Amino acid sequence: MGSPSSASSSTRPTLFLDVMLGKLATYLRMCGYDTAYALDRGVEDDDEILELAQKEGKTLITRDERLSERTENGILLTSLDVTEQLRELDTRGFDLSLSEPSRCSSCNGELVRNDGESPEHAPDGTQIWRCADCGKRFWKGSHWESVERTLADL
Ligand SMILES: [Zn+2]
């Protein structure tokens, strides 16, 4: 006993997004959530999606009412619009803000800062992060800023 009561504030769910939510996956990854996306994982069938999400202990997010009813802790979204979907998650207490880039928005790989022997910089001189899985490079450019504005307006 006697462990500090560092409650759940910093523990985030890992997520599994259903086929219709590819755009939302990009946003959640930019917010640092470990977010698997069904089509990235090559599954479209409800049974396969359920099985994979369960096996990996991930929270399933879907717009499919029947699918969400089959999960223990699934999240059902109702909106078609990605900003509205983010608002639905915000209402549920998701921490939707940008800090440092940490997840690849394309493949969910972990991003590493490239500040080794030959640090790279973006055209505007800012820091570059590289995806450890697919190699894609990221920096805080105009896309980052537009996402930041979207999240600030939720
Ligand atoms: Zn990647």
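Trainee: In this predicted model, what is the order of the strands in the open sheet of three strands?

Mentor: The model is predicted, and its open sheet of three strands is paired in antiparallel fashion. β5 (111–113) and β7 (137–138) stand at the edges with a single partner strand each, so one side of each is left without a neighbour in the sheet. The order is therefore β5-β6-β7.

Trainee: Which residue is the bridge partner of Arg130 in β7?

Mentor: Strand β6 covers residues 129–131 and runs antiparallel to β7. Two bridges join these strands. The partner of Arg130 in β7 is Arg137.

Trainee: Which element supplies the largest share of the largest nonpolar core?

Mentor: The largest nonpolar core has 22 residues, and Leu15, Leu17 and Leu28 touch the most other members. At least two residues of this core come from each of β1, α1 (22–30), β2 (35–37), α2 (46–55), β3 (59–62) and α4 (82–91). The largest share, five residues, comes from α1.

Trainee: Which residues does Leu17 touch, not counting residues up to four places away in sequence?

Mentor: Leu17 is one of the residues that touch the most other members of the largest nonpolar core. With residues up to four places away in sequence left out, Leu17 touches Leu24, Ala25, Thr35, Ala36, Tyr37, Ala38 and Ile61.
A second core, separate from this one, also exists.

Trainee: How many residues does the second, separate core have?

Mentor: Nonpolar side chains tend to be buried together in soluble globular proteins. Among the members of the second core are Cys104, Leu111, Trp129 and Phe138. The number of residues in this separate core is five.

Trainee: Are α1 and α4 parallel, perpendicular or oblique to each other?

Mentor: Two packed helices are described by the angle between their axes and the distance between the axes. α1 and α4 pack at an angle of about 55°, and their axes are 10 Å apart. Their crossing is right-handed. With that angle, α1 and α4 are therefore oblique.

Trainee: Which residues in α4 do Lys23, Leu24 and Tyr27 meet?

Mentor: Lys23, Leu24 and Tyr27 belong to α1, which packs with α4. Their counterparts in α4 are Val82, Gln85 and Leu86.

Trainee: Is Thr11 buried or exposed?

Mentor: Thr11 lies in the segment before β1 (15–17). Thr11 and Ile128 are 27 Å apart in space, C-alpha to C-alpha, and 117 residues apart in sequence. A residue is exposed if 12 or fewer other C-beta atoms lie within 10 Å of its own. Thr11 has 7 such atoms and is therefore exposed.

Conventions:
Residues numbered from 1 in each chain as written. Predicted model: local features only at pLDDT ≥ 70, side-chain atom pairs only at ≥ 80, totals over all residues. Pairing = 2+ DSSP bridges. Helix = DSSP H or I, 4+ residues; strand = E, 2+ residues; numbered from the N terminus. Buried ≥ 20, exposed ≤ 12 C-beta atoms within 10 Å, placed from the backbone. Core = buried A, V, L, I, M, F, W, Y, C linked by C-beta atoms within 7 Å. Contact = placed C-beta atoms within 7 Å. Axes fitted to C-alpha atoms, helices over the stretch in contact; angles between N-to-C directions. Parallel < 35°, antiparallel > 145°, perpendicular 65-115°, else oblique. Left-handed = near helix turned anticlockwise from the far one by under 90°.
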